[in-house]
Amino acid sequence: MRRMRNVKIVATLGPASSDYAMIRALFEAGADVFRLNMSHGTHEDIRARHEIIRKVEADLSRPIAILADLQGPKLRVGTFADGSAELVEGAAFRFDLDAEPGTAQRVNLPHPEIFAALEAGSTLLVNDGKLRLRVETCGKDFADCIVEVGGTISNRKGVNVPDVLLPLAALSQKDRVDLEFACQLGVDWLALSFVQRPEDVIEARALANGRAAILAKIEKPAAVKSYDAILAVADGIMVARGDLGVELPVHAVPPIQKQLVRKARAAAKPVIVATQMLESMIESPVPTRAEVSDVATAIYEGADAVMLSAESAAGKFPIEAVTTMNNVAISVESDATYRDIIEASRRVTRTTVADGIVAAAREIAEATDIKAICCFSQTGTTISLVARERPRVPIVGLTPLVGTARRLCLTWGAHCAITEEQDRFKGAVLAAVKVAREGGFATEKDQIVVTAGVPFNVTGTTNILRVAPCDERLIHRADPE
């Protein structure tokens, strides 16, 4: 089931997509990665979906990545005596630690960490930014505010504090339990919410202990400011535009998205663009033109993946949403302008032998009639480096490790196959030729580029490149031993 595009599609599973038939249909429509949202559903729900994905993977003989998205700490107000209250612009309003039901004058905010970090002039946003309040005075257990944008505030609405670095860990106790559960299940990626600093990623990595790759969600202004340091310690990035669009001016999000995507690409780490990509398809079988343009923009930027959230998890048209995303991707990548943009943004500092090998592989493939670049890799690093080059020909990843093949389902252009371990380069070339031909990437009359590291099965040793014919007789004739 070769994909006819390079960008990957992440589909979130939920009530609308929880049985075998639907999950298989989503994969066949184009989903490469399935996201399990740990904010919703029980562990048994998550376990059941995980088992179905692995059954689909076995039935179709193609690696599928599973991404577990941790909830992160949720900041919420308490309850109101009447269920809600109206806040009027210019009125005074207090947040405090008093557990008594709220009124139009005050409400409980059960997060002393917030009060410890606030200062006069800080902004508090409620209900996805629909209400805005400015702190006038504050102490260790209260914040007296002025309502700048009023409206209805109701029970347990979320609170954002955009201009303060909160003394909160990205992992709540629930997240720690969920992380261990997800790692024991065998997920491939863990998405970490509420990241503010690189130490948040380092902590999650230590808990995962190599059992899953760590994807840092960039959804807070503090994460944008510390992005370079976060990127250095994360395995991948998610541009989570939901909270970013709440905590930052909406007009600031598009340029930030472009910057985050380009830096992740330069680091050879996969980057997902997420949130509200085809939001109207929750209720409609057809997206808006603006949504299609939004998806296309992320693809033109060179993102590794685009993501569906409620569209596939709870919407009425999950298959149509994946199909739409797949069709948009094929259309964009067929556009000559796409190649112009991708190649103009290829700014890579090459400092290692592996960097030089993959750059040479791309240049050879594009200068001659090469049908594919085939990479042997234990960890997937070489394949990621080739993907960073965004070559014009397909990337065929070969690895003996199923975990590596699954994680690479998130990487731009990587078509991965699980092969036997090799101890000689000739065997690697023969295996690459077989996979390229069986996958429809090349015929017996074609040539491919093969990259690998010698000695084999040692990480970080990419040091050899060969242009190989896909006719095995010619390989044996050139290298009879």
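**Notebook: sheet, cysteines, pocket, salt bridges**

I began with the sheet: six strands form an open sheet with mixed pairing, in the order β6-β5-β9-β8-β7-β11. I noted which strands stand at the edges: they are β6 (106–108) and β11 (159–160). Each of the two has a single partner strand, so one side of each is left without a neighbour in the sheet. I keep in mind that the model is predicted.

Next I looked up one pairing inside this sheet. Strand β7 (residues 123–126) runs antiparallel to strand β8 (residues 131–139), and four bridges join them. I asked which residue of β8 is the bridge partner of L125. I found R132.

**Cysteines**

I searched the whole structure for disulfides and found zero. I then looked at C374, which is in no disulfide: the nearest cysteine sulfur belongs to C375 and is 7.2 Å away. A disulfide would need the two sulfur atoms within 2.5 Å. I checked the accessibility of C374 as well; it is 0%, so C374 counts as buried.

I did the same for C409. C409 is in no disulfide either, and its nearest cysteine sulfur, that of C416, is 6.2 Å away. I have C409 down as buried because its relative accessibility is 9%, and the cut-off for buried is under 20%.

**Second largest pocket**

I turned to the second largest pocket, whose volume is about 550 Å³. I count 23 residues in its lining, and the closest to the pocket centre are S61, C416, A417, I418 and V435. C416 had already come up as the cysteine with the sulfur nearest to that of C409.

I asked which elements give two or more residues to the lining of this pocket. They are the helices α2 (43–60), α16 (402–407) and α17 (425–438), together with the strand β19 (414–418). By residue class, I have 11 nonpolar, seven charged and five polar residues in the lining.

**Salt bridges**

My search of the whole structure gave 37 salt bridges. I followed D69 through two of them.

In one, the side chains of R35 and D69 meet at 2.8 Å, N to O. R35 lies in strand β2 (residues 33–37) and D69 in strand β3 (residues 65–69), so the pair ties together parts that are 34 residues apart in sequence. I asked whether R35 is buried or exposed. At 7% relative accessibility, R35 counts as buried. D69, with a relative accessible area of 1%, is buried too.

In the other, K217 meets D69 through their side chains at 3.0 Å, N to O. This pair links distant parts of the chain, with K217 in strand β13 (residues 213–218) and D69 in strand β3, 148 residues apart. I recorded K217 as buried, and D69 likewise.

I then took a pair within a single helix. The side chains of K55 and D59 form a salt bridge at 3.0 Å, N to O. Both residues lie in helix α2, four residues apart, which is about one turn of the helix. I looked up their accessibility: K55 is partly exposed, with a relative accessible area of 46%, and D59 is partly exposed at 38%. I note that helix α2 is also one of the elements in the lining of the second largest pocket.

My last entry is a network of salt bridges. I found R346, R362, E363, E366 and E389 linked in it.

How values were computed
Residues numbered from 1 in each chain as written. Predicted model: local features only at pLDDT ≥ 70, side-chain atom pairs only at ≥ 80, totals over all residues. Heavy atoms only, no water. Pairing = 2+ DSSP bridges. Buried < 20%, exposed > 50% of the residue type's maximum accessible area, 1.4 Å probe, protein only. 1 Å grid on protein atoms, 1.4 Å probe; cavity = no way out; pocket = protein on both sides within 12 Å on 5 of 7 lines; lining within 4 Å. Points joined across faces, edges and corners; volume = space filled by probe spheres on them. Nonpolar A, V, L, I, M, F, W, Y, C, P; charged D, E, K, R; others polar. Salt bridge = Lys/Arg side-chain N within 4 Å of Asp/Glu carboxyl O.
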